[in-house]
Each structure stands twice: as structure tokens, then as C-alpha cells.
Amino acid sequence: MSSKAMAALIESLTKLPGVGSKTAARLAYHIVAMKSDDVENLALAIRNVKTETHECAICFNTIDKSRDVCEICASDKRDGKIICVVKDSKDLDAIERAGFFTGKYHVTGGLISPLAGVTQEDIRLRELINRVAENDIEEIIIAFEPTVEGDAT
């Protein structure tokens, strides 16, 4: 390893999903070769995504801090009687890109995984139950990945 800073960057990059040590090293060397302005913009974008976003007060989608409720939950054009339950904002975005779902969402923030110590208390199932009880919900679509954790949830 050429420097402590490079080693620290590679180690940090390996914490990203799907990034092993070889990919992390390739990304780190690419970052070193980038123009300083581009590196600063990347660092600022990473910092801003943590400081300038929070969760929608209704569905828990990731939104800008300038709003309390996401555009989907605030929309009168969306069918509030149908809720699509997803694990995270990434899954919500994938469904939205498909362009066919016209209901609203609920983001659980994870899946039950007894082996990883994640229980129903660790995800937003209670909020979903409350939301269904307090609103006139006619249909719930469960859009979890077909895994043991998705089935357990």
C-alpha cells in the first residue's frame, strides 16, 4: 500500500454494498487520479446526502430536509387506498421508474433476519399497522425480495 490515506480510503470503500477489496482499490486509485474539484464535489455530495436528507413523516422514503412529507405522500393524484410495502428507498425508486404503480408506499427500513439479530421491532412494521388502522386502506402490496428474510418479514 502506498500510503495510510490510500489504505483508509480503500477500507472505507469496502463498506459499500457489493464493493470488495479489488473494486475498492480500483475506485480509490481512480479518485486519486481525478481533478481536485471533482473530488471535492464527490466529497460534498456524500456529506450532503447525510446532512440534507431525512425520512418522510408518513412513508419513511428518503427526502430533502426542506420537506416533511414526500411528493408521493402529498399527492392527491396517487391512490391512498393502496400501499406498496418496500424494504428501502432504493426499492421504491425502482418501482417508480417502472412507471405503473399509482398508489402510495411504506418503507420498512429493512427485513426481519433472525440470524442477523433483526426483529420486527427493528423495522417499521408497527408504523405500517398504525397507518392501515388509521386510514381507509383497501390493498397492501408486499414488494420484498424473494429471500428467506423477505419471506420472514
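The questions below concern a predicted model of one chain.

Q: What makes the chain more spread out than a compact globule?
A: The chain is made up of 7 helices and 5 strands. Its radius of gyration is 19 Å, whereas the globule rule gives 15 Å for 153 residues; the value is well over the rule, so the chain is called more spread out than a compact globule. The C-alpha trace spans about 60 × 35 × 25 Å along the principal axes.

Q: In what order do the elements of the chain run?
A: From the N terminus on, the order is α-α-α-β-β-α-β-α-β-α-β-α.

Q: Which residues of helix α1 are called buried?
A: In α1, residues 4-13, they are Met6, Ile10 and Leu13. The term requires under 20% relative accessible area. Of the 153 residues of the chain, 30% count as buried.

Q: How do you know on which side of α1 the buried residues lie?
A: The buried residues cover an arc of only 65° around the axis, which puts them on the same side of α1. An α-helix has 3.6 residues a turn, so residues three or four places apart point the same way. The face turned away from the buried side of α1 carries the exposed residues Lys4, Ala5 and Glu11, and exposed means over 50% relative accessible area.

Q: What do the buried residues of α1 pack against?
A: They pack against α2, residues 21-33.

Q: What share of the exposed area of the chain do carbon and sulfur atoms supply?
A: The chain exposes about 10,400 Å², and carbon and sulfur atoms supply 53% of it.

Technical notes:
Residues numbered from 1 in each chain as written. Predicted model: local features only at pLDDT ≥ 70, side-chain atom pairs only at ≥ 80, totals over all residues. Heavy atoms only, no water. Helix = DSSP H or I, 4+ residues; strand = E, 2+ residues; numbered from the N terminus. Rg over C-alpha atoms; globule rule 2.2 N^0.38 Å. Buried < 20%, exposed > 50% of the residue type's maximum accessible area, 1.4 Å probe, protein only. Areas by Shrake-Rupley, 256 points an atom, 1.4 Å probe, with all protein chains shown as cover. Arc of directions from axis to C-beta. Contact = heavy atoms within 4.5 Å.
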